[in-house]
Amino acid sequence: MRRVSSTVVLLGLVSLLTDVSSEMVASILPLYLTAVVGLSPVAYGFLDGLYQGVSAFVRIAGGYAADRGGQPKWVAVLGYGASALSRIAMLPAAGFAAITAVVTADRLGKGLRTAPRDALIAESSDPKMLGRAFGVHRALDTVGAALGPLVAFALLASVPGSYDSIFVVSFAFALAGLAVLVLFVPNLRTTAGAARVGLRRAMRDVAGRDLRRPLIAAAVLGLLTVGDGFLYLSLQERDDFAAGYFPLLYVGTNVAYLALAVPLGRLSDRVGRARVLVAGHGALFACYLLAALPAGGIGLTLAVLTLLGVFYAATDGVLPALISRLVPAETRGSGIAAAQTVVALTRFASSVLFGLLWSLQGPSRSLILFAVLLAAAVPAAGWLLRGIDRAETPA
């Protein structure tokens, strides 16, 4: 069996360390903001939407910069560096405005780095193995995402309320990830660099007919994707287990993601990436229904976390793998960034809308409404993506 490239593995290690850092903070953020800072569901919905969507403002810029210079590594370094600095900036942050500024800086860094990193993965991989390559990367990424909440839980268990220690340790992991990227990931010059892609060419490829249908499908599905924090808070309201072990809810999702990222990536290479992408949103539909039930228990909680992990394994790496083959190599970073921008913006809108609905009618009714809308959106997305895997642009 052919293996993925060493560049993919190294980038996976960078993401592993970075995700230990980011998920340490993310796993305590909903509880910290609502119970300690005292944000209302509407305010939390805005901040969660910001966490999901503010990166959209620089994703295309990051992708285009990678295409233009042909050296996406250094664009990624800027993004990882900005996110690392935001971790330590959480220490003096107090109040809604300061925390919003820090979260914004972190997400801008994520937006800047994601498309260049994914372009490096695509450039260094066999086109027939893109699903597997992205699956391996996302699996390593998810190891970090699973470890982060465990570290946060251990710190809080040792010293209750020690949120400052979480921010400091998180910063140390982020610096380690940045060091691996700078020192060990090769400065791979991509195909795009030789062409010196102009802005007009990049925008033409991104707005072209090959990407139109998948971008519309991504927008429709993204608008109906509830943020993880809201799902976990809804579980906490009904379930003593979820309330007592809140940071570990992230671990449950990430373990399922880790177990399935590579198998579903390989499956997408065989049966079609669009099919796996759409099927993943079917798992999200089931997740909403179970999370909306009035009674909980450890079994139902684990089922929700598992279904959420299935959703991410079937979509997070599969979407860039699909998009990367629909645009010419010279504008691959811009194409991936366009899809990620659409997802980020629609998930921002989704979080704000869900926060408002939560305030008006509570979590269960809001989840049922989103489930009904998603049930209609999934076949519509399947129709939009029909035959899309056969429309790939040769490398």
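**Packing in an all-helical predicted chain**

Ser324 is in contact with Ala122, Leu130, Arg332 and Ile336, neighbours within four places in sequence being left aside. The model is a predicted one. Ser324 belongs to helix 16, which covers residues 318–324. With a relative accessibility of 0%, Ser324 counts as buried, because the cut-off for that class is under 20%. Leu11 lies 313 residues away from Ser324 along the chain. The C-alpha atoms of Ser324 and Leu11 are separated by 17 Å.

The chain contains 17 helices and zero strands. Its overall dimensions were compared with those of a globule. For 395 residues, a compact globule would have a radius of gyration near 21 Å. The value for the chain is 20 Å, which agrees. Along the principal axes, the C-alpha atoms fill a box of roughly 55 × 45 × 40 Å. Of the 395 residues, 56% count as buried. Contacts were also sorted by sequence separation. Among contacts between residues at least 6 apart in sequence, 86% join residues at least 24 apart. The chain exposes about 14900 Å². Carbon and sulfur atoms supply 68% of that area.

Helix 5 runs over residues 96–123 and has 28 residues. At 1.5 Å a residue, helix 5 should span 40 Å. Its end C-alpha atoms are 41 Å apart, so the expected and computed spans agree. Helix 5 nevertheless bends by about 25 degrees at Arg113. A proline, Pro116, follows within four residues of Arg113. Arg113 also appears among the contacts of Ser83. Ser83 lies in helix 4, residues 72–89. Beyond residues up to four places away in sequence, Ser83 touches Asp106, Gly109, Lys110 and Arg113. The relative accessible area of Ser83 is 1%, and Ser83 is therefore buried.

Aromatic rings were examined next. A pair of aromatic rings is described by the distance of the centres and the angle of the planes. The count comes to seven aromatic pairs. One of them is formed by Tyr257 and Tyr312 and is stacked. The ring centres of Tyr257 and Tyr312 are 6.3 Å apart, with 25 degrees between the planes. This pair links distant parts of the chain. Tyr257 sits in helix 13 (residues 248–271), and Tyr312 sits in helix 15 (residues 298–315). The two tyrosines are 55 residues apart. Tyr257 has a relative accessible area of 6% and is buried. Tyr312 is buried too, at 14%.

Phe354 and Phe370 form an edge-to-face pair. Their ring centres lie 5.3 Å apart, and the angle between the planes is 90 degrees. Both Phe354 and Phe370 are buried. Together with Phe230 and Trp358, these two residues form one aromatic cluster.

Arg386 lies in the segment after helix 17, a helix that spans residues 332–384. The relative accessibility of Arg386 is 45%, so Arg386 counts as partly exposed. Pro214 is 172 residues away from Arg386 along the chain. The C-alpha atoms of Arg386 and Pro214 are separated by 9.7 Å.

Definitions and conventions:
Residues are numbered from 1 along each chain as its sequence is written. This is a predicted model: local features need pLDDT of at least 70, side-chain atom pairs count only at pLDDT 80 or more; totals for chains, interfaces and linings use all residues. Side-chain values use heavy atoms; hydrogens and water are left out. The expected span of a helix is 1.5 Å times one less than its number of residues. The bend at a residue is the angle between axes fitted to the seven residues ending there and the seven starting there. Buried means under 20% relative accessible area, exposed over 50%, partly exposed in between (1.4 Å probe, protein chains only). The radius of gyration is taken over C-alpha atoms; the globule rule is 2.2 Å times the number of residues to the power 0.38. Contact means heavy atoms within 4.5 Å. Accessible areas come from the Shrake-Rupley method with a 1.4 Å probe; for residues, only the protein chains shown count as cover. Rings of Phe, Tyr and Trp (its six-membered ring) pair if their centres lie within 6.5 Å; planes under 30 degrees apart count as stacked, over 60 as edge-to-face and the rest as tilted.
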